[in-house]
Amino acid sequence: MALLELRGLSAEVDGKPALSGLSLSVDPGESRPVPSALSKVLMGHPSCRVTAGSIVLDGADITVLSTAERARRGLLPSFPRPPALPGVTVASFLRAALAARTRGLKDFRKLLREKLAVLKLDEGFGSRRLDAALSDAERTGFEALQRELLKPSLIIEDGVLRAL
Amino acid sequence: MIATSEAVVTTFDAALREHPALVDAALKTVGREPFGFFLRVSRGVQLERPVSPPERPRGSPPPAEERTLIVAEEGAGLQYVEGCISSAAPLSTATVVLAMPGARVRCTTLRNLPSGAVSIKRAVAEQGARVEWLDGSFGAPTPAVVLEGEGSVLSAAFHGRVGELTRGERRSTVSLDEPGAEALYYLMTRGLDRAAAAALLVNGFFEPFTRELPLEYAVEFNRFVELELKGA
């Protein structure tokens with residue numbers, strides 16, 4: 001079964017037509033170039049409106065689900081320039097993202113330490129504050145850390161879908 | 001009651017009986033209020049742990065008023081933590097701090113103020129003394145800390161739909177209805193629903209305040225922000 005299937009998907013972004021009758025399917029392990037507007041449409045960004053067709057993930061129609069629910073079902077869009085989050089650290093960000101998926105999250109500190117070691121990231125990276133722009137290396141590390149912890153099935157990069 | 005030669009923690013009535021000269025001297029400086037709780041730290045003594053007023057029995061309603069006088073004698077050092085935010089504060093509270101020359105006082109006040117509450121916070125820092133006051137409140141708008149002499153005040157307040165952080169003259173605010181659309185969306189793409197995303201952002205906004213609090217109070221503060229947002 002395809003991981004992701006778009007069936008005749010048409011959508012507007014900011015009230016202007018952005019996708020028209022797009023159909024495609026992506027299997028696990030596959031990467032595929034797609035129109036860049038698709039990232040927002042797949043995540044249900046507030047500026048987007050699906051006017052026809054459907055988005056099916058793992059056999060379930062997610063076309064009208066909330067952004068958060070789509071994320072919890074395995075979508076993970078990357079942000080080339082993520083917005084600043086004053087007062088929020090790498091650790092508090094990841095803890096909140098995991099808590100949204102797991103009831104009674106335990107031993108988060110231990111889990112984070114393990115993943116930092118796996119990715120050969122600095123132990124103090126968890127305390128890195130997200131209020132200033134991250135360096136390219138830090139951003140790459142942060143994204144890798146998110147993938148390790150959140151275990152997405154589909155990564156949405158600018159213009160490319162990568163099914164894991 | 002804790003009473004040693006170094007520090008006195010008692011009710012104001014007892015202090016008036018047992019240390020009349022000390023109380024008189026303090027009142028001359030800070031003005032007269034009918035005080036309920038009294039803390040004095042002797043000259044040069046540094047208290048290692050923060051002091052708090054005696055706890056009310058669980059579930060008991062708040063008293064109508066609460067009065068506190070804190071005196072740090074010459075060169076003394078102390079931290080004082082009062083209030084809680086999970087239950088309503090007394091309708092009328094007054095905390096008055098007198099830091100004698102060279103003393104160091106750090107005062108933390110957390111209040112969940114009922115509407116119409118009157119809350120007086122006053123500090124006098126005499127020559128070479130310094131008073132730092134962390135003032136956090138939920139509910140009704142909070143009156144400012146009045147500080148005479150050297151020191152600093154950092155206030156975090158949360159009322160209406162707005163959070164405020166004030167350091168000295170500088171004030172920044174966050175609206176709970178729209179803490180930043182782009183940041184909210186970013187967090188929602190990580191699986192946080194709207195309330196959880198807003199709570200993370202609002203707690204981030206208050207972080208310069210909460211990082212100064214003892215851990216248990218910081219946790220309570222953050223949890224209260226989350227509750228407030230869920231109720232929205």
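# Exercises on a predicted two-chain model

In this predicted model, the contact between the chains draws 20 residues from chain A and 16 residues from chain B.

**Exercise 1.** Determine which elements of chain A give two or more residues to the side that touches chain B, and how the residues of that side divide by class.

*Solution.* Begin with the elements: α2 (67–72) and α3 (90–99) of chain A are those that give two or more residues to the side touching chain B. Next, consider the shares, where α2(A) provides the largest one, with four residues. Finally, sort the residues of this side of chain A by class, which yields 14 nonpolar, four polar and two charged.

**Exercise 2.** Establish the strand order of the six-stranded open sheet in chain B, and explain why β5 and β13 of chain B each have one side without a neighbour in the sheet.

*Solution.* Reading across the sheet, the order is β5-β7-β9-β11-β12-β13 (chain B), and the pairing is mixed. Because β5 (77–82) and β13 (170–175) of chain B stand at the edges and each has a single partner strand, one side of each is left without a neighbour in the sheet. From one strand to the next, the twist averages 5°. Within the sheet, strand β9 (residues 130–139) and strand β11 (residues 151–159) of chain B run parallel and are joined by eight bridges; in this part of the sheet, D135(B) is placed opposite S155(B) of β11(B).

**Exercise 3.** Describe how helices α3 and α4 of chain B cross, and identify which residues make their contact.

*Solution.* The axes of α3 (residues 181–188) and α4 (residues 194–205) of chain B come within 9 Å and cross at roughly 120°. The angle falls outside the range of 65 to 115 degrees and is not over 145, and α3(B) and α4(B) are therefore oblique to each other. The crossing in which α3(B) passes α4(B) is right-handed. On the α3(B) side the contact is made by A183(B), L184(B), L187(B) and M188(B), and on the α4(B) side by R194(B), A197(B), A198(B), L200(B) and L201(B). Sorted by class, this contact has eight nonpolar residues, no polar ones and one charged residue.

**Exercise 4.** Work out how many residues each domain of chain B brings to the contact between domain 1 and domain 2.

*Solution.* Chain B is divided into domain 1 (2–159) and domain 2 (176–232). Twelve residues of the contact come from domain 1 of chain B and eleven from domain 2 of chain B. On the domain 1 side, β7 (104–113), β9 and β11 of chain B each supply at least two residues, and by class that side has nine nonpolar, three polar and no charged residues.

Terms used: Residues are numbered from 1 along each chain as its sequence is written. Chains are lettered from A and ligands numbered from 1 in the order in which they are written. This is a predicted model: local features need pLDDT of at least 70, side-chain atom pairs count only at pLDDT 80 or more; totals for chains, interfaces and linings use all residues. Two strands pair if DSSP finds at least two bridges between them. Axes are lines fitted to C-alpha atoms, for helices over the stretch in contact, and angles run from 0 to 180 degrees between N-to-C directions. Angles under 35 degrees count as roughly parallel, over 145 as roughly antiparallel, 65 to 115 as roughly perpendicular and the rest as oblique. A crossing is left-handed if the near helix is turned anticlockwise from the far one by less than a right angle, and right-handed if clockwise. Two residues are in contact if their C-beta atoms, placed from the backbone, lie within 7 Å. Ala, Val, Leu, Ile, Met, Phe, Trp, Tyr, Cys and Pro count as nonpolar, Asp, Glu, Lys and Arg as charged, and the others, Gly among them, as polar. Domain bounds come from an automatic or database domain assignment.
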